[in-house]
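Let's take this model piece by piece and ask, each time, what lies behind the label. Here it is.

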Amino acid sequence: MLALSFTAFVVLCLIQHIAMADTLVYRAEGRAVVTGSDLYGFTVTEWELPATYPPFAAILFVPTTWLPITALKVCFILGNTALLALLVHLSCRLAGRATRAPFLLLAVAVGIWLEPVFQTLLFGQINLALVCLVLWDLTRPAGALGKGFALGVATGVKLTPGIFIVHLLITGRVREGLTALASFTGTVLLGALVLPSATVDFFTRRLYETGRVGLAWIVDNQSLQGLIARTLHTEHPGLAWAVPTAVTGLAGLWLGRRLTRRLGVESPWPVLVTAVTGLLVSPISWSHHWVWCVPLLVVLLARGRTALAAALTVLFLARPHWLLPHQGDLDLHFPWWQQPLGAPYPFLGLGLLGAAVWAGYGLRGYGDSGARVPRQGGRGVGSGAGEPVGDRAG
């Protein structure tokens, strides 16, 4: 199934002549570092895409200039597929289950076609790499050497993982949070050392130019701002977006803290709640940023919520927001009944936060019986009843 799935994806890319636009942006960023040109002064591809990440990310993209474009695209497709397999493994570890080879292969075969993952592969994005960095760090044993470092590096590449640093600090894991903050600071200093003018430009100007990333009201944007802008039929929702976003951000962080206290630091739910909160409050969360759907689905399966996991899998496979007419400014003219179809991920995220409120005040985030699922020595995800597994890796 994995071989057939991957082959079908490659054939589709060849037939459609997929541009992998984001990969080309990364390559242009790396070239700007090598040539010393203005990092934030260029645009590439027919869509005139600019650089939007911190200078540290551009430094990491320098190796993309060493390969021809075709070879680079092949590397990104193979690399992202391997990262999807790693993400499934890390998601099993987050859920406290051993990774079974049949489940891993099946999950990757299906996961390629989940809309956020599919779009990540098509665009040649780095979403899977960032989520793997965050999950690898957060699922390491408490007190592990340098725990928090990888999270800080992920934040240095793209600022949005920084919400997990706040999560660590407010849940009492100060050492890990400070380690992450220190490594993030190191990425900024490295960027300033290699690209001083670009670093000043980014943190004093480019960081606040949301429009530089893209139009916030188009259906591609699956954040609260996109939902509210389309619901109100306005390009600039202003306070109508800012106030609910601030409330959602504070509520999500508070829920993560409460769930950590109630369920323990090893529970997957505080991590998922924090991830969804970050996606909701970010001014722009493209649909491919929602690759956190993979850990969510794995955790639901591990907790025996098979029907819910199946329903959400269908949602992520169906990609309803792309089925609506969205050429030009049609995104701003959806009737009320199309709004849920145009914003499936924000509604899902809000639903998850609502479930977290329920869990924080009575329900348990464990198995169906209410007994906690052991993190070691339990059944692997997808294993048969009574089938023994080894201890959790790592």
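Q: How do you know that the rule finds zero salt bridges across the interface of domain 1 and domain 2?
A: A word on the source to begin with: this is a predicted model. A salt bridge needs a side-chain nitrogen of Lys or Arg within 4 Å of a carboxyl oxygen of Asp or Glu. Across the interface of domain 1 and domain 2, the rule finds zero such pairs.

Q: Which parts of the chain are domain 1 and domain 2, and how many residues does each bring to the contact?
A: Domain 1 covers 1-198 and domain 2 covers 214-361. Domain 1 puts 36 residues into the contact and domain 2 puts in 37 residues. Taken over C-alpha atoms, their centres are 20 Å apart.

Q: What makes up the area buried between domain 1 and domain 2?
A: About 2900 Å² is buried between the two domains, with 75% of it on carbon and sulfur atoms. Polar contacts are there too: the count between domain 1 and domain 2 is 13 residue pairs, both partners at pLDDT 80 or more.

Q: Which helices supply the side of domain 1 that touches domain 2?
A: At least two residues each come from α4 (69-94), α5 (101-111), α6 (115-123), α7 (127-138) and α9 (163-170). The largest share is that of α6, with seven residues. Sorted by class, this side of domain 1 has 23 nonpolar, eight polar and five charged residues.

Q: Why is the pair D137 and R140 called a salt bridge?
A: The cut-off is 4 Å between a side-chain nitrogen of Lys or Arg and a carboxyl oxygen of Asp or Glu. In D137 and R140 the closest N and O atoms are 3.9 Å apart, so the pair qualifies.

Q: Are D137 and R140 buried or exposed?
A: Buried means under 20% relative accessible area. D137 has 1%, so D137 is buried. R140 has 17% and therefore counts as buried as well.

Q: What makes D201, R205, R206 and E209 a network?
A: These residues are linked by salt bridges. Among the links, E209 meets R205 at 3.2 Å, N to O, and E209 meets R206 at 3.4 Å, N to O. Both distances are within 4 Å, so both pairs meet the rule. The structure as a whole holds four salt bridges.

Q: Why are E209 and R205 called partly exposed, and R206 buried?
A: Partly exposed is the range between the 20% limit for buried and the 50% limit for exposed. E209, at 26%, falls in that range, and so does R205, at 45%. R206 has a relative accessible area of 12%, so R206 is buried.

Q: What is the phi value of T45, and where is T45 placed?
A: Phi of T45 is near 65°, a positive value in a residue other than glycine. T45 sits in the loop between α2 (21-35) and α3 (55-60). With a relative accessible area of 26%, T45 is partly exposed.

Q: Why is R319 called buried?
A: Its relative accessible area is 17%, and buried means under 20%, so the label fits R319. R319 lies in the loop between α17 (306-318) and α18 (339-342). Phi of R319 is near 45°, again a positive value in a residue other than glycine.

Definitions and conventions: Residues are numbered from 1 along each chain as its sequence is written. This is a predicted model: local features need pLDDT of at least 70, side-chain atom pairs count only at pLDDT 80 or more; totals for chains, interfaces and linings use all residues. Side-chain values use heavy atoms; hydrogens and water are left out. Domain bounds come from an automatic or database domain assignment. Contact means heavy atoms within 4.5 Å. Buried area is the accessible area (1.4 Å probe) that two parts lose on being put together, summed over both. A polar contact is a pair of N or O atoms within 3.5 Å; within protein, one must be able to donate a hydrogen and the other to accept it, and residues adjacent in sequence count only if both atoms are side-chain atoms. Helices (H or I, at least four residues) and strands (E, at least two) are DSSP runs, numbered from the N terminus. Ala, Val, Leu, Ile, Met, Phe, Trp, Tyr, Cys and Pro count as nonpolar, Asp, Glu, Lys and Arg as charged, and the others, Gly among them, as polar. Buried means under 20% relative accessible area, exposed over 50%, partly exposed in between (1.4 Å probe, protein chains only).
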